[in-house]
Amino acid sequence: QVQLVESGGGLVQAGGSLRLSCAASGRTGYFMGWFRQAPGKEREFVAAIVWSGGSTYYADSVKGRFTISRDNAKNTMYLQMNSLKPEDTAVYYCAASYLSAYNSSAYYRYWGQGTQVTVSS
């Protein structure tokens, strides 16, 4: 069993920054990822990282603005979000995948409870 706990969400103005954290207890996945879900929309992939090697992957909508990283010693993953836009408003979830695939929620077995990010215009 793996427990994932997100933190760091909040309210920020457009153009601002936030850093999300995801603390993991237990065995982390091959891929660790961030997803988000806005009201009335499906959960969408944001970013993923290969826990052991550090390779990173991003959705086109956040490429160049968001950075995913991890601290192996702390078993913690981060999402640095810069140049935030109102359309980034959503509940952000971290998740663990034990498959060699990363860009769909179907690949992820464990999920955190989510943290709200609200970007005002």
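This dialogue walks through strand β8 and the loops on either side of it in a predicted model.

Student: How should I read the pairing of β8, and which strands does β8 pair with?

Tutor: Two strands count as paired if at least two bridges are found between them. Here strand β3, residues 18-25, and β8 pair in the antiparallel sense over six bridges, and six bridges also join β7 to β8, which again run antiparallel.

Student: Which residues stand opposite each other in these pairings?

Tutor: On the β3 side, leucine 20 stands opposite leucine 79 of β8, while on the β7 side threonine 67 has glutamine 80 in β8 as its bridge partner.

Student: Is β8 mostly covered or mostly exposed?

Tutor: A residue is called buried when its relative accessible area is under 20%. By that reading β8 is mostly covered, since five of its six residues are buried.

Student: What links β7 to β8, and what is the backbone like there?

Tutor: β7 (66-71) and β8 (76-81) form a hairpin with four residues between them. Asparagine 75, in that turn, has a positive phi of about 55 degrees, although asparagine 75 is not a glycine.

Student: Where else does a residue other than glycine have a positive phi?

Tutor: Serine 83 has a phi near 50 degrees, and serine 83 lies in the loop between β8 and β9, the latter spanning 90-97.

Student: How exposed is serine 83?

Tutor: Partly exposed applies between the buried limit of 20% and the exposed limit of 50%; serine 83, with a relative accessible area of 42%, is therefore partly exposed.

How values were computed
Residues numbered from 1 in each chain as written. Predicted model: local features only at pLDDT ≥ 70, side-chain atom pairs only at ≥ 80, totals over all residues. Heavy atoms only, no water. Helix = DSSP H or I, 4+ residues; strand = E, 2+ residues; numbered from the N terminus. Buried < 20%, exposed > 50% of the residue type's maximum accessible area, 1.4 Å probe, protein only.
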